[in-house]
Amino acid sequence: MDMTFAEKILAKYSDLKEVAPGQIVTVHPDHLLTHDNTAAIIQKIKPELNKYGIYSKTLPIIVLDHVIPASSEKTANNHKIIREFVKNNEIKNFFDIGFGICHQLVIEKGLALPGKLLLGSDSHTCSYGAIGAFSSGIDRTEAASLLLTGETWLKVPNSIKMVLTGKLNPGVYSKDVILHIIGDISASGANYCSVEFHGDVRNFSIDDRFTIANMGIEMGAKNTLFFCDNVTKEYLNLIGIPDSSYSPIDADKDAKYYKEFKYNLTEISPVVACPHTVDNVKPIAEVSDIEIQQCLIGTCTNGRLSDLKVAADILKGKTINSGVRLLILPASKDIFEKALNSGIIEILVKAGGVLLPPGCGPCLGAHQGALAPAERCLSTANRNFKGRMGCKEAEIYLASPATVAASALYGKITDPRAVINK
Amino acid sequence: MNIWRYGDNIDTDMLFPGKYVYICSIPEEIKPHLLEDLDPSFSKNVKKGDIIIAGINFGCGSSREQPAIGLKSVGIKAVVALSFARIFYRAAINQGLVLIECPEAVKFYSDGDNVEIDMDNGKIIVGAKTFSFPKLPEQIIAIRDAGGLLEYTRKKLKKK
């Protein structure tokens, strides 16, 4: 029987010859990602951890990124509990504050590889489809159970085939592509499904793929996937991982898809997701001139070097509008260093940007860059839910780094093509 | 018993704001903020045995489990919706919170209707009409019957 990517990898990880959508299988993931929530996770299972210990030292990946540096005694104590847990259990993959956002680190450190299966107690765990891995989000309780047993159940999902054709026009980016798709199929359009990207994706770098895969959850997907190709292999070689250390999984030729969508990239224009749902997507012309008070460039969706470079190219030698605060949030220390050494940080800071430490920062409203009532933020993050940035009377708009940079110059939502072509 | 009626795409920030996620983990800490940005009257007036009826994609967004823990601990008997987001769906199973995906019942419901749920037979009675919903797979029922995933895991570890 021909199978989709999700069917093939779940068959492999459950030692079955074949599986079908709806079937429940037991899997042992290669890694389990947890972050600041590790403190709450281990509290749940203290007696069991003492009695049985953790399943393996190499299973967990723990990253402190959500509220860093600690914002209060409570969050500082959470970090302390996690550091002690890491030390006592000799956990191999631990990244303390300042290393970066968990999803960026999992890819950057080569912990997600083509054909691997990862679960994480964070909804954007679906990001690793950018590199050809199966990855999906779970809650804290399930992470606790996995820490002890190393196994869990997964339902084999239906698969959706997204076929992308053509080439993006200047001023249009992968962020516009994924927002366009979510606007089209809705925030629940891929619920419970595995979403595979096919077609002309060779022009998409790993950074571009990361942005798209990251937002799979915003259309309800269980996982999102770009198949391993030369772009993937070149990226992995660059970070020191030879082809021989992983086994990519492709979908079979006659695999059955639950739904198929086709998008012509040439026809996609810059778009903005308007409050308060990610699928409230509008062409930029419809929202131009909306005044904004805060801009955010960064996060796990768009905090990579190429994103910061796009922004720097727009802001070079210019100053942002005096009515706007521009926050810059590199996705990792490595990206931060590269942006520093290549002069990108200098350009962004000179233009008026405020640099934040690599982490989740303002995206989730837990600290840093919170909004006040009636304020509007234009952000490169992945969510614009009501109250997401700390205030239910504020509004969040989502767009590409180019759109956010161009808008910071004018203090209102601005089509980046108008600035790039100048 | 109260019926709480909400619309489509009720996200995790509405169910439990992100600003509390890293400072509130246990039921007593969660309850005051439950549905805070959606319906401030909820946490004050919710009673054991209440039912939530909602639209599509209930629980979309974050993997935070406070919504599931909170709704279970205040005694919500079931959330009946047109559809659920998947991480929330798993979180509910893990906490033993009952979710029922039954679009027909949700569409039929109008304010003031009495709602009864018969889990054993997979029936939901709205006003004078009875609707069926599919049974969960056995593996999932086993987790729920154990009292949630952690109890299930504890039993499994003891057997080993």
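This report describes two sheets, two domains, a helix, a nonpolar core and a chain contact in a predicted model.

Residues are numbered from 1 along each chain as its sequence is written, and chains are lettered from A, ligands numbered from 1, in the order in which they are written. Because the model is predicted, local features need pLDDT of at least 70 and side-chain atom pairs count only at pLDDT 80 or more, while totals for chains, interfaces and linings use all residues.

**Domains of chain A**

Chain A is divided into domain 1 (5-264) and domain 2 (274-420), with bounds that come from an automatic or database domain assignment. Taken over C-alpha atoms, the centres of domain 1 of chain A and domain 2 of chain A are 25 Å apart. Their contact takes 34 residues from domain 1 of chain A and 30 residues from domain 2 of chain A; two residues are in contact if their C-beta atoms, placed from the backbone, lie within 7 Å. On the side of domain 1 of chain A that touches domain 2 of chain A, two or more residues each come from α5 (102-108), α7 (174-185) and α8 (206-214) of chain A. Helices (H or I, at least four residues) and strands (E, at least two) are DSSP runs, numbered from the N terminus. The most residues on this side, six, come from α7(A). By class, this side of domain 1 of chain A has 13 nonpolar, 15 polar and six charged residues. Here Ala, Val, Leu, Ile, Met, Phe, Trp, Tyr, Cys and Pro count as nonpolar, Asp, Glu, Lys and Arg as charged, and the others, Gly among them, as polar.

**Two sheets in chain A**

Two strands pair if DSSP finds at least two bridges between them. The table lists two open sheets of chain A, both with parallel pairing.

| Strand order (chain A) | Strands | Average twist from one strand to the next |
|---|---|---|
| β4-β3-β2-β5-β6 | five strands | 15° |
| β10-β9-β8-β11 | four strands | 20° |

For these angles, axes are lines fitted to C-alpha atoms, for helices over the stretch in contact, and angles run from 0 to 180 degrees between N-to-C directions. In the sheet of five strands, β4 (93-95) and β6 (134-137) of chain A each have a single partner strand, so one side of each has no neighbour in the sheet. β3 (residues 60-63) of chain A pairs with β4(A) over three bridges, and N93(A) in β4(A) is the bridge partner of I61(A). In the sheet of four strands, the edges are β10 (223-226) and β11 (259-264) of chain A. β8 (residues 159-165) of chain A and β11(A) pair over six bridges, with K262(A) in β11(A) as the bridge partner of V163(A).

**A buried helix**

Helix α6 (residues 140-149) of chain A is largely enclosed by the rest of the structure, because nine of its ten residues are buried. A residue is buried if 20 or more other C-beta atoms lie within 10 Å of its own, exposed if 12 or fewer, and partly exposed in between; C-beta atoms are placed from the backbone. Among the buried residues of α6(A) are R140(A), E142(A) and L147(A). Just after α6(A), G150(A) has a positive phi of about 75°.

**Core and chain contact**

The largest nonpolar core (a set of buried Ala, Val, Leu, Ile, Met, Phe, Trp, Tyr and Cys residues joined through C-beta atoms within 7 Å) has 191 residues. V272(A), C295(A), L348(A), A405(A), V79(B) and V80(B) touch the most other members.

Between the chains, 35 residues of chain B are in contact with 43 residues of chain A.
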